[in-house]
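I opened this notebook to keep a record of what I looked up in one protein structure. The entries follow the order in which I went through it.

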Amino acid sequence: MSAERLRCLLVADFTIDNLAGLLANDEMPPLMEAKAAPFEQVTPVLLKADHPAWSPRPDIALVWTRPERVSESFARLLGYEEVPVEQILAEVDRFAEQIALIRDRVRLAFVPSWTLPHYHRGYGPLDMRPGVGHAAVLMQMNLRLAEHLAEVSNIFVLDAGQWAVQAGPRSTNPKLWFMGKVAFGHEVLIAAMASLKAAVNGALGRSRKLVVVDLDDTLWGGILGDIGRDQIRLGGHDAVGEAYVAFQRGLKALTNRGVLLGIVSKNAEQTALDAIDNHPEMILRREHFAGWRINWSDKAQNLAELTAELNLGLQSVVFLDDNPVERDRVRSTLPEVLVPEWPTDPMLYLAALEALDCFDTTTVSHEDRGRTQLYSAERERQALMGEIGSVDDLLASLQ
């Protein structure tokens, strides 16, 4: 695979040249050279390994279709005919088999899920009725497609429904279809590009693996050193306090995906650790963090030292801090670290965290889920070694 620009082939039953242009001109990694296969030649491109679209050999393929074009029976259902669901799903199976043929032609392939236009109401209150409603049947089609392609290790189904939600009413425009066979609005294509790039980064092992957070006004509300442990805003009958608890739950959930947590904060270490250990509303306790630097030193320096201690590269790190000055400092000093802009309202913290696509991966193993415990156990061993002084004494203490 090219170390510079990845070649990406876009295969679609609608005009997709605009997405090719977006991918080619976007400077966020991974860089891509994108080209669109000939219009309305999805099946020939999938079936024929010698089709001209496959030359030069692409690294990545995106196969994006509309459900009514894949399944003639679903098109009839959209016309309010009575069609057996099994017949529709059989057509989905045949299409999935065609997609599976390209597994050896590319390193990675992605298939956006099927959606319906935002203005399509179908059967209204019956549209989620199994076997009847258009929305219900489309869900079955997407699930069947995902189950079929899950058997192919390098092909992944992307949730295009999220892209449509982000774009809202601008997700589709009938005028664009009639004028140029453009099935989706520009906002959908931008979301598709971001999702595709995040997926490729994840597949190539470039996802972020460590989230380093500040404490005051980031994990809890208020300045701990000024107001004391019992007065910080965290939980309780308080909307802001509840938001901080929800944000901590979101961070803890990331550890179940193999993401490590760390702390870099300007605070008195023992005071901060006391709050983490003993505040009744804390979700994140000391054992949930792989490491920390809690002192009055420069945060960029602390962040670099913590990352090195954990044997990670700076390109693996995300830094979250409520203070824009500290964010700018880390951005300018450690450009490899991802420092997202952060909301000023704590009630938006969890949404901002969940919107980050830098943690996307194509595998989650049992070892990933237990990574935090491994780092925590190693930290305890090192601390015990420091107290005891020799390996023999350590082994004796451990019996």
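The entries below go from the whole chain to single strands and then to one loop residue.

**Entry 1, overall picture.** I note at the outset that I am working with a predicted model. I counted 18 helices and nine strands in the protein, and I found that its C-alpha atoms fill a box of roughly 75 × 50 × 45 Å along the principal axes. Of the 399 residues, 47% are buried, while the accessible surface comes to about 19600 Å², with 52% of that area belonging to carbon and sulfur atoms. I then looked at how the contacts are spread along the chain: among those between residues at least 6 apart in sequence, 71% join residues at least 24 apart. For the charges, I compared the mean position of the 39 positive ones with that of the 55 negative ones and found the two positions 6 Å apart.

**Entry 2, the four-stranded sheet.** In what order do the strands of the open sheet stand? I read the order as β8-β7-β6-β9, with parallel pairing throughout these four strands. Strands β8 (291–295) and β9 (317–320) are at the edges, and because each has a single partner strand, one side of each is left without a neighbour in the sheet. On average, neighbouring strands here are turned by 15° against each other, direction ignored. I also looked for what packs on this sheet and found helix α13 (residues 299–309), which touches β6 (210–213), β7, β8 and β9 and whose direction makes about 150° with that of β7.

**Entry 3, the β7 and β8 pair.** I followed the parallel pairing of β7 (residues 260–266) with β8, which rests on five bridges. Two of the residue pairs I wrote down are I263, whose bridge partner in β8 is W292, and K266, which stands opposite N295 in β8. Although β8 is an edge strand of the sheet, four of its five residues are buried, so I record β8 as largely enclosed by the rest of the structure.

**Entry 4, strand β4.** Is β4 (residues 108–112) mostly covered or mostly open? I found it mostly covered, since five of its five residues are buried, taking buried to mean under 20% relative accessible area. In a regular strand the side chains alternate between the two faces of the sheet. Here L108, F110 and P112 lie on one side of β4 and A109 and V111 on the other, and both faces are covered. I then traced its partners: three bridges join β4 to β3 (residues 60–64), and these two strands run parallel, with A109 as the bridge partner of A61. Four bridges join β4 to β5 (residues 155–158), again in parallel, and in this pairing P112 stands opposite L158.

**Entry 5, M128 in its loop.** Where does M128 lie? I located M128 in the loop between β4 and α6 (134–149). Its relative accessible area is 48%, and I therefore list M128 as partly exposed, the exposed class being reserved for values over 50%. Leaving aside neighbours within four places in sequence, I found M128 in contact with A135, A136 and M139. For M128 and M139 I also noted the separation, which is eleven residues in sequence and 9.3 Å in space, C-alpha to C-alpha.

How values were computed:
Residues are numbered from 1 along each chain as its sequence is written. This is a predicted model: local features need pLDDT of at least 70, side-chain atom pairs count only at pLDDT 80 or more; totals for chains, interfaces and linings use all residues. Side-chain values use heavy atoms; hydrogens and water are left out. Two strands pair if DSSP finds at least two bridges between them. Axes are lines fitted to C-alpha atoms, for helices over the stretch in contact, and angles run from 0 to 180 degrees between N-to-C directions. Contact means heavy atoms within 4.5 Å. Buried means under 20% relative accessible area, exposed over 50%, partly exposed in between (1.4 Å probe, protein chains only). Accessible areas come from the Shrake-Rupley method with a 1.4 Å probe; for residues, only the protein chains shown count as cover. Lys and Arg count as positive and Asp and Glu as negative; His and the chain ends are not counted. The place of a charge is taken as NZ of Lys, CZ of Arg, CG of Asp or CD of Glu.
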